[in-house]
Amino acid sequence: MPTLFTTNPTPYIIAGPCSIESQRQFAESVEALSQMPQVSMIRCGVWKPRTRPGSFEGRGEEALQWIKQLKKQHPNLLFAAEVATPQHLELCLKYSIDAVWIGARTSGNPFSVSELCNALKGCRLPVLVKNPLIPDIKLWTGDIDRVRNAGISDVAAVHRGFFLDNNLGYRNNPLWKIPIELKRLHPDLPLLCDPSHISGNAALVAKVSQTAMDLNFDGLMVETHPHPKQALTDAAQQITPAQLAELIYNLRIPDKNNAIPNELQLLRQQIDMIDSQLLQLLADRNRVSQTIAGIKKANNLSILQINRWEQLLNAHLADAAEMGLSQDFVRRIFEEIHTESVRLQDEQMHGKQ
Ligand code: PEP
Ligand code: MN
C-alpha cells in the first residue's frame, strides 16, 4: 500500500539537527536543507531524552514556535518531532507539526507506547517508530501494531541500531538481521535507517547509509547540523548539510524493478544446492551427536566436555583463518552448532523439557 514514505522519491530523506538549540541554528539548518530537493522532511529534536540529569533537554514549546514560523516559509517541507508523552503529542498538534516519531527509549516501554497510542486516536499524523534499544523484534512490531490499531495509516519503522555488549565499533550495533526479519514479516511497512545513531561518528554515516540502500531500505533519517562541532547533543555523529548532499549524491540506489539476469539465476541455483548440502550435513551431525549421548550416559560422562569443545573451536578457528573465513563468523556458527548439540544430548538423556 503506498504511503507518504514510499510514494515520494526514494530514498525518502529526513534530515535535521539532533536538537533544536536556538532559533538561529534551526533556521540555518532548515535554510540549507531546503535547497536540497531530495530532503522531504525535517527532523526536529524538541524534547531530548538524556542519560544524565542536568544535560541539555531541548527547547520544548519555544522550539515548536520556531518550527511553526519556518513551516510558513517552507511549505514544501514536512516537519517531524519526537514525542514521548501524550503532552508532547498535544503540543505538536497545537503547533501543527506534520509527523511524529517514537524514540528508542520510549519504544521499549509498552506502557508509554500505549499511552501515546491512546492520544493518537483520531489523529491523521504520520508516525515513525524507532526500534527499542534491545533487539527484541516483537517489542518493535508490537509498537507498530499499537500505532496501526490507533488508526494511523502512515506508519514507518526506523532502524537506529541496538545497544549491546559488543557494538562492533558502532555507537549502536546495526544487527542487520533484525531489520531484515522485520522486512520479511512486514514487506509493506516502510523501513528507514537512522545511520547517525548507529554510527555515533560522522565518518561512518555514509557507509551505513549505503548498507541500508543495499538492503532495500526506503529512506534515511540523518542528523545534520550547520556546525557539528558546536552541537549541544550528539556532536560526534552530526554531518553538515553539504556533507549530506555529497552523501546522497554518492549513494548507489538499487532499482527494485530491475529484472534478475540469467547469470544471477544460475548462481542462485548453486547457493540453493550448497544450502541443501549444509542442511544435510547438520542433520547428519545431529544424529551422531544423539548416538554420542547414549554412550556418555552409559559411561556416566558429562554432556559438556569443556576440553573437547575448546580443542574443536580452536581447530575450526585455525582452519577458518587458512580458508580466509571470518573468525567471528565461524565462532558464532560453531557456538550455535555446539549449543544445539548439547541441547539434543540433554534431550536424548533426560527427555524433552
Ligand atoms: C533522536 O533521534 O534524537 C534520538 C534521541 O534517537 P534515538 O531515540 O534513536 O536514540
Ligand atoms: Mn541524536
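**A manganese site, a wrapped ligand and a few local details**

The backbone oxygen of M349 sits 3.1 Å from a polar atom in the side chain of K297. This lysine belongs to helix α12, which covers residues 262–298. A second link to the chain's later part shows up in the C-alpha positions: K297 and D346 are 49 residues apart along the chain, and their C-alpha atoms are separated by 10.0 Å. As with everything that follows, these values come from a predicted model.

Stepping back to the whole protein, the fold contains 14 helices and eight strands. Its C-alpha atoms fill a box of roughly 80 × 45 × 40 Å along the principal axes. Of the 353 residues, 44% are buried. The accessible surface comes to about 19200 Å², and carbon and sulfur atoms supply 53% of that. As for contacts with a separation of 6 or more, 71% are between residues 24 or more positions apart.

The manganese ion (ligand 2) is held by four kinds of side-chain atom: SG of C18, NE2 of H197, OE of E223 and OD of D234, at 2.0 to 2.4 Å from the metal. Written along the chain, these donors follow the spacing C-x178-H-x25-E-x10-D. E223 lies in strand β8 (residues 219–223) while D234 lies in the loop between β8 and α11 (241–250), so this pair ties together parts that are 11 residues apart in sequence. E223 is also buried, at a relative accessible area of 1%.

Two of these metal donors turn up again around ligand 1. The residues surrounding ligand 1 are R43, K48, P49, E82, W101, G103, A104, R105, K130, R160, H197 and E223, and both H197 and E223 also serve as protein donors of the manganese ion. Sorted by class, the shell has seven charged residues, alongside three nonpolar and two polar ones. Several of the charged side chains make polar contacts with oxygen atoms of ligand 1. For R43, an N or O atom of the side chain is 2.7 Å from a ligand oxygen. K48 places a polar side-chain atom 2.7 Å from an oxygen of ligand 1, and for R160 the corresponding distance is 2.6 Å. Taken alone, ligand 1 would expose 300 Å², and the protein buries 97% of that.

Not far along the sequence from K48 and P49 comes R50, found in the loop between β2 (39–44) and α3 (61–73). R50 is partly exposed, with a relative accessible area of 32%. A polar atom of the R50 side chain is 2.8 Å from the backbone oxygen of F56. Leaving aside residues up to four places away in sequence, R50 touches S55, F56 and E57, and also L232 and T233. At the other end of the scale, the C-alpha atoms of R50 and L304 are separated by 44 Å, with their positions 254 residues apart along the chain.

T106 is another residue whose sequence neighbours line ligand 1, with A104 and R105 both in the surrounding set. T106 sits in helix α5 (residues 104–107) and counts as buried at 8% relative accessibility. Not counting residues up to four places away, T106 is in contact with A84, S112, V113 and L116. The C-alpha atoms of T106 and P132 are separated by 7.4 Å, although the two residues are 26 apart along the chain.

Helix α9 (residues 195–199) includes S199. What does the side chain of S199 reach with a polar atom? The partner is the backbone oxygen of P195, 2.6 Å away. S199 itself is buried, with a relative accessible area of 2%. Beyond residues up to four places away in sequence, S199 touches Y170, R171, L204, V205 and V208.

Y170 and R171, which S199 touches, fall in a stretch with some backbone features of its own. L168 is found in the loop between β6 (155–159) and α8 (177–185), and L175 is placed in the loop between β6 and α8 too. Neither is a glycine, yet phi is positive in both: about 55° for L168 and about 35° for L175.

Conventions:
Residues are numbered from 1 along each chain as its sequence is written. Chains are lettered from A and ligands numbered from 1 in the order in which they are written. This is a predicted model: local features need pLDDT of at least 70, side-chain atom pairs count only at pLDDT 80 or more; totals for chains, interfaces and linings use all residues. Side-chain values use heavy atoms; hydrogens and water are left out. Donors are N, O and S atoms within 2.8 Å of the metal (3.2 Å for Na, K and Ca); water is not among the atoms, so sites may look incomplete. Helices (H or I, at least four residues) and strands (E, at least two) are DSSP runs, numbered from the N terminus. Buried means under 20% relative accessible area, exposed over 50%, partly exposed in between (1.4 Å probe, protein chains only). A residue is near a molecule or strand if one of its heavy atoms lies within 4 Å of it. A polar contact is a pair of N or O atoms within 3.5 Å; within protein, one must be able to donate a hydrogen and the other to accept it, and residues adjacent in sequence count only if both atoms are side-chain atoms. Accessible areas come from the Shrake-Rupley method with a 1.4 Å probe; for residues, only the protein chains shown count as cover. Ala, Val, Leu, Ile, Met, Phe, Trp, Tyr, Cys and Pro count as nonpolar, Asp, Glu, Lys and Arg as charged, and the others, Gly among them, as polar. Contact means heavy atoms within 4.5 Å.
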